[in-house]
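Me: I would like to go through this structure slowly and ask, for each term, what earns it.

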Amino acid sequence: MIIDCHGHYTTAPAAHTAWREQQVAAWEAGTTPPAYPSISDDEIRETIESSQLRLMDERGIDVTLFSPRASAMAHHVGDAAVSLEWSRRCNDLVHRVATLYPGRFVPVAQLPQSPGADLQASIAELRRCVEELGFVGCNLNPDPSGGFWTSPRLTDRSWYPVYEAMVELDVPAMVHVSASATPVFHATGAYYINADTTAFMQLVQGNLFGDLPELRLVIPHGGGAVPYHWGRYRGLADMLGQPAVESNVMGAGIAGGVFFDTCVYHQPGIDLLLEVVDTRNVLFGSEMVGAVRGKDPRTGEYYDDTRRYVEAAVEKGLLDDDGRTAVFEGNVRRVYPRLEAALAGAGR
C-alpha cells in the first residue's frame, strides 16, 4: 500500500472559499458574516474526483492523509474567533470528504491558532476532530503571524499544552505555516522552506523530545534546507553543547521525534534526502495539486509526482525492498497510529 502523508483540499468548492471572503470582510467591517452555505455531496465529489482522486489513481497512491488547504489557514487574518469558526468549517468539510471516500482520504485537522492567543481553542478543536470525527493528526503553525515570527520558538513551554494533548491522543502534528503576510517571503518558494528550516533549528537548540519522548512532529517539504545542510546542523548542535541531532531531534532510540516527507520535486533532492536521513524518519508525501502543479519540461512528468522519484531511488539502490515499504507505508502507519483503525474501518 502507498500512503501519502501530505495532502490538502486545495480544490475545495467555490462556495466554501467565497464564504471565507465574506467572513473576513464582515470582521473588517465589524458586522456578522452570512450563514455558511449549503454544499452538496455532489459538489464535493466533483472537486475531488476531477483532481486529487484522479491523480491518486493515475499515480498508484492508495490513501492520502488529507487536511484543509494550508495557505488558506491564514491565522494572521481576523482574530481568534474568526480563526476558530474558519477552522471548524474547514475541518468539517475535510471530514465530509473522508466520509464520502472511506479508505482513500483520512482527515488531518487545521487548528484555530491566532497571533498572541493561547492554544486552548486549538486543543479543544483537536480533541473534537480526533475523538468525535476520527481525525488522525493535525497541522501546527509555528508562526501564526504569517512571516513576522512573533511566537515563541517551538521548544518554549507555552507550546507544551498542545504537545501534551497530542501525546495523550496519540496523534502527530505536521509543522506547517500558512500564507505569507509579508512581501519579502514568497509563500511556497521562500516562507514554507524558511519555516521548515527554522522549526528544525529551534528543535536543535532545545530538549523537547527529552521532555516528551513520545511526541511526533513531521517537518514537510523534505525538511526544508536541512538535509542539504546536514553537516551544518550536526556541527551547530556540537558547538551549542547539544546532544547529537540524530538522538535529540530525529528521535533515534525513542518513540517520537522528527520526520521529513518526500515533497521534494526533483530526483537529486529525493536522492539526497534518502542518503542523508535515516529511512525510519522519511514518510512518503506529495502535496499534489499544491504548490507546484506543472510538468517538468526536462522529463515531461509532473513535478509533484513524487512516487516516481522514490521508485527511481530504489532502482539506484538507495532503498532496498524493506526501505521502500517503510517509506511508502510502514513509517506513516507508525507516526500516525490512529490510521490503522481508520483504514480497518474502511476495509483497507
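**Reasons behind the terms**

Me: Why is C90 called buried in this predicted model?

Reply: C90 has a relative accessible area of 5%, and because buried means under 20%, C90 counts as buried.

Me: What makes C138 count as buried?

Reply: The relative accessibility of C138 is 1%, and the cut-off for the word is under 20%, so C138 also falls among the buried residues.

Me: How do you know that C90 is in no disulfide?

Reply: The nearest cysteine sulfur to that of C90 belongs to C129 and lies 11 Å away, whereas a disulfide needs two cysteine sulfur atoms within 2.5 Å, so C90 is left without one.

Me: And how do you know that C138 is in no disulfide?

Reply: For C138 the nearest cysteine sulfur is again that of C129, at 9.2 Å, and because the limit is 2.5 Å, this pair does not qualify. A search through the whole structure finds zero disulfides.

Me: Why are helix α4 and helix α5 called roughly parallel?

Reply: Helix α4, residues 80-100, and helix α5, residues 120-133, pack at an angle of about 20 degrees, and their axes are 11 Å apart. Angles under 35 degrees count as roughly parallel, and therefore α4 is described as roughly parallel to α5. The crossing in which α4 passes α5 is right-handed.

Me: Which residues make the contact between α4 and α5?

Reply: On the side of α4 they are S87, R88, N91, D92 and H95, while α5 brings E125, R128, C129 and L133. Sorted by class, this contact of α4 with α5 has two nonpolar, three polar and four charged residues.

Me: What makes L154 a buried residue, and where in the chain is its place?

Reply: L154 sits in the loop between β5 (138-140) and α6 (160-169). Its relative accessibility is 1%, and since the word buried applies under 20%, L154 counts as buried. Leaving aside neighbours within four places in sequence, L154 is in contact with several residues, among them P142, W159, Y163 and L208.

Me: Which residues of helix α12 are buried, and what do they pack against?

Reply: In α12, residues 306-315, the buried residues are T306, Y309, V310, E311, A313 and V314, and the buried residues of this helix pack against α11 (267-276) and α13 (321-335). After α12 comes G317, with a positive phi near 90 degrees.

Methods
Residues are numbered from 1 along each chain as its sequence is written. This is a predicted model: local features need pLDDT of at least 70, side-chain atom pairs count only at pLDDT 80 or more; totals for chains, interfaces and linings use all residues. Side-chain values use heavy atoms; hydrogens and water are left out. Buried means under 20% relative accessible area, exposed over 50%, partly exposed in between (1.4 Å probe, protein chains only). Axes are lines fitted to C-alpha atoms, for helices over the stretch in contact, and angles run from 0 to 180 degrees between N-to-C directions. Helices (H or I, at least four residues) and strands (E, at least two) are DSSP runs, numbered from the N terminus. Angles under 35 degrees count as roughly parallel, over 145 as roughly antiparallel, 65 to 115 as roughly perpendicular and the rest as oblique. A crossing is left-handed if the near helix is turned anticlockwise from the far one by less than a right angle, and right-handed if clockwise. Contact means heavy atoms within 4.5 Å. Ala, Val, Leu, Ile, Met, Phe, Trp, Tyr, Cys and Pro count as nonpolar, Asp, Glu, Lys and Arg as charged, and the others, Gly among them, as polar.
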